[in-house]
Amino acid sequence: MIDLDAIPFLPTRYRGVSIHFYRSDRETGHAAVMIRMEPGCSYPAHRHHGPEELLVLTGGFRDGTGTYRAGEYARFEAGTSHHPVAIDEGDCVFFAIAHEGIDLLLEPDDLT
């Protein structure tokens with residue numbers, strides 16, 4: 001069992017979103033991260049350079065492709081974009097592997 005309270009999450013500049021990097025390579029864009037979003041909060045809309053794979057551990061999120069809850073796996077292909085928003089089922093925590101990085105589509109001031 002993963003003790004999520006023991007993960008050293010760091011706050012981001014996005015309201016209610018924190019992150020823990022297991023691996024990050026700025027040169028290639030590859031990253032393995034744990035992200036936590038409070039209910040109603042969101043990670044910025046972004047486009048994938050390479051595939052992204054994630055596993056939802058607690059809570060859930062929705063985006064333009066559907067709703068993903070604890071225990072569900074999602075894969076987003078290169079070139080796809082989405083805007084994950086945590087649903088109202090407690091904190092959404094997921095583990096993600098991004099291959100080749102992302103481009104943010106909105107500036108932080110554009111988020112509500």
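These are my notebook entries on the aromatic pairs, the nonpolar cores and the confidence of this structure.

**Entry 1: how far to trust it**

I reminded myself that this is a predicted model. I looked up the confidence before anything else. The chain has a mean pLDDT of 90, and 94% of its residues reach 70 or more. Where is confidence lowest and where is it highest? Strand β12 (residues 102-104) is lowest, with a mean of 81, while strand β1 (residues 10-11) is highest, at 97. I also flagged residues 108-112, where pLDDT stays under 50. For that stretch the model has 7 contacts beyond four places in sequence, and I'm leaving those alone.

**Entry 2: aromatic pairs**

How many aromatic pairs are there? I got 5. I wrote down two of them.

For Phe61 and Phe94, the ring centres are 5.6 Å apart and the planes sit at 45°, so this pair is tilted. Phe61 belongs to strand β6 (residues 60-63) and Phe94 to strand β11 (residues 92-98), so the pair ties together parts that are 33 residues apart in sequence. Are these two buried or exposed? Phe61 is buried, at 0% relative accessible area, and Phe94 counts as buried too, at 4%.

Next came Tyr68 and Phe76. Their ring centres are 6.1 Å apart and their planes are at 75°; that angle is over 60 degrees, so I put the pair down as edge-to-face. Tyr68 has 15% relative accessibility, under the 20% cut-off, so it counts as buried. Phe76 is buried as well, with 5%.

Then I checked how these rings group. Phe61, Tyr68, Phe76 and Phe94 form one aromatic cluster.

**Entry 3: the cores**

I'd read that nonpolar side chains tend to be buried together in soluble globular proteins, so I went looking for cores.

The largest nonpolar core here has 18 residues. Which members touch the most others? They are Ile35, Met37, Leu54, Phe61 and Phe94, so the tilted pair from Entry 2 turns up again. Strands β2 (17-24), β3 (31-37), β5 (52-58), β8 (73-76) and β11 each supply at least two residues of this core. The largest share, 4 residues, comes from β3.

There is another core apart from this one, made of 5 residues, among them Leu4, Ile7, Phe9 and Val93.

**Entry 4: a closer look at Met37**

What does Met37 touch beyond its neighbours within four places in sequence? Its contacts include Phe61 and Phe94. Among the others are Gly16, Val17, Tyr43, Pro84 and Cys92.

Notes. Residues are numbered from 1 along each chain as its sequence is written. This is a predicted model: local features need pLDDT of at least 70, side-chain atom pairs count only at pLDDT 80 or more; totals for chains, interfaces and linings use all residues. Side-chain values use heavy atoms; hydrogens and water are left out. Rings of Phe, Tyr and Trp (its six-membered ring) pair if their centres lie within 6.5 Å; planes under 30 degrees apart count as stacked, over 60 as edge-to-face and the rest as tilted. Buried means under 20% relative accessible area, exposed over 50%, partly exposed in between (1.4 Å probe, protein chains only). A nonpolar core is a set of buried Ala, Val, Leu, Ile, Met, Phe, Trp, Tyr and Cys residues joined through side-chain atoms within 4.5 Å. Contact means heavy atoms within 4.5 Å. pLDDT is the predictor's confidence in each residue, from 0 to 100.
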